[in-house]
Amino acid sequence: MKYTAFTLMLAALVAAAPVQAQSSARGKKDAAAQTEAKTGVRFVICSAANIKVKSPLWYKVSDEEADTVSISSRTATPRIKPMGGKVVFYEDNPIPPETDGKDKDGKAEKWKEPKVVFTVDTKGAASKAFCIVMPETETKVETIMLSESDFPKKGVHLINLSKKNVKISTSAKGDFSDAKVTLLKGGNTKSVNDSNKWSMVGANHGDQLAFHITYEGVKEQRARGTGGKTLKDANGKIRKEKVRTEITLRRSKFVVSERQSLISILVDDPARDGVNLLSIQLAD
């Protein structure tokens, strides 16, 4: 009786083996390949309107293997190795099964490649790069490709992708008696260079730097005449006027971490005539 039970169990395991093999061939990488790629592209979402992309997304690890990833804001994904100078994201597994499935009538069912959600061109990208994904919809995106070496760990970085000029004042003392002011020009919303980027590198873990970020904006205030007198209209209501001024966006302290790079990105606020600050952590 015991021998019969053991035989049935063994037969069940043997019968299940082909199914497991087929699932593994179409599914994620095996345990030996799960270590993050040493080179490739990391992805992170940057959206002032909080637009997300489809999740999870499938991509090809090789011609025989695929894996999934979820691209989020704040934290970059593990590195993904491009294939043929691009990374293609699919809504389902792009690797065909070893054998076609069958429909309800037992006829062979031809496999169809899943729909492409979006494609990122990586030609010319650094061997270790990270990609800022700016979605217009969950399937339509714009991207900016940057090199990880330009944003090292223990670094603090500010990128202005808004249309407005931005100033960052920094103070090692914390009281701004030693303030250093840097202008980050606005209008460059598609790339990053010295005109719209500020960085602090070479600091030690735990170091702090006080900062004050302002942008050129317009605010409404009471209209005043000679002698500072408030002006009123014919109905006696206080008149308003719009004046250009510097508006404070954020005043705080940067804290240096040895485990990651802190990247703050300035983008236009879609809800008002202002600027939003979005933070990204580029960590191991």
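I will talk about one sheet and a few salt bridges in this structure, which is a predicted model.

Let me begin with the sheet, where 4 strands come in the order β11-β8-β14-β15, forming an open sheet with mixed pairing. The edges are taken by β11, residues 197-200, and β15, residues 274-283, and because each of these has a single partner strand, one side of each is left without a neighbour in the sheet. From one strand to the next, the twist averages 15 degrees. Within this sheet, β14, which covers residues 260-269, runs antiparallel to β15 and is joined to it by 10 bridges, and Ile263 is the residue that stands opposite Ile280 in β15.

Now to the charged side chains, of which I will show some, the structure holding 8 salt bridges. One of them joins Asp273 and Lys164, with the closest N and O atoms 2.8 Å apart. Asp273 sits in the loop between β14 and β15, while Lys164 sits in the loop between β8 and β9, so that the pair links parts of the chain 109 residues apart. Lys164 is buried, its relative accessible area being 15%.

Another salt bridge brings together Glu138 and Lys54, at 3.4 Å from N to O. Because Glu138 lies in the loop between β6 and β7, and Lys54 in the loop between β1 and β2, the pair ties together parts that are 84 residues apart in sequence. Glu138 is partly exposed, at 38% relative accessible area, and Lys54 is also partly exposed, at 29%.

Finally, Lys123 forms a salt bridge with Asp121, where the closest N and O atoms are 3.9 Å apart, and Lys123 counts as exposed, with 61% relative accessibility.

Methods
Residues are numbered from 1 along each chain as its sequence is written. This is a predicted model: local features need pLDDT of at least 70, side-chain atom pairs count only at pLDDT 80 or more; totals for chains, interfaces and linings use all residues. Side-chain values use heavy atoms; hydrogens and water are left out. Two strands pair if DSSP finds at least two bridges between them. Helices (H or I, at least four residues) and strands (E, at least two) are DSSP runs, numbered from the N terminus. Axes are lines fitted to C-alpha atoms, for helices over the stretch in contact, and angles run from 0 to 180 degrees between N-to-C directions. A salt bridge is a side-chain nitrogen of Lys or Arg within 4 Å of a carboxyl oxygen of Asp or Glu. Buried means under 20% relative accessible area, exposed over 50%, partly exposed in between (1.4 Å probe, protein chains only).
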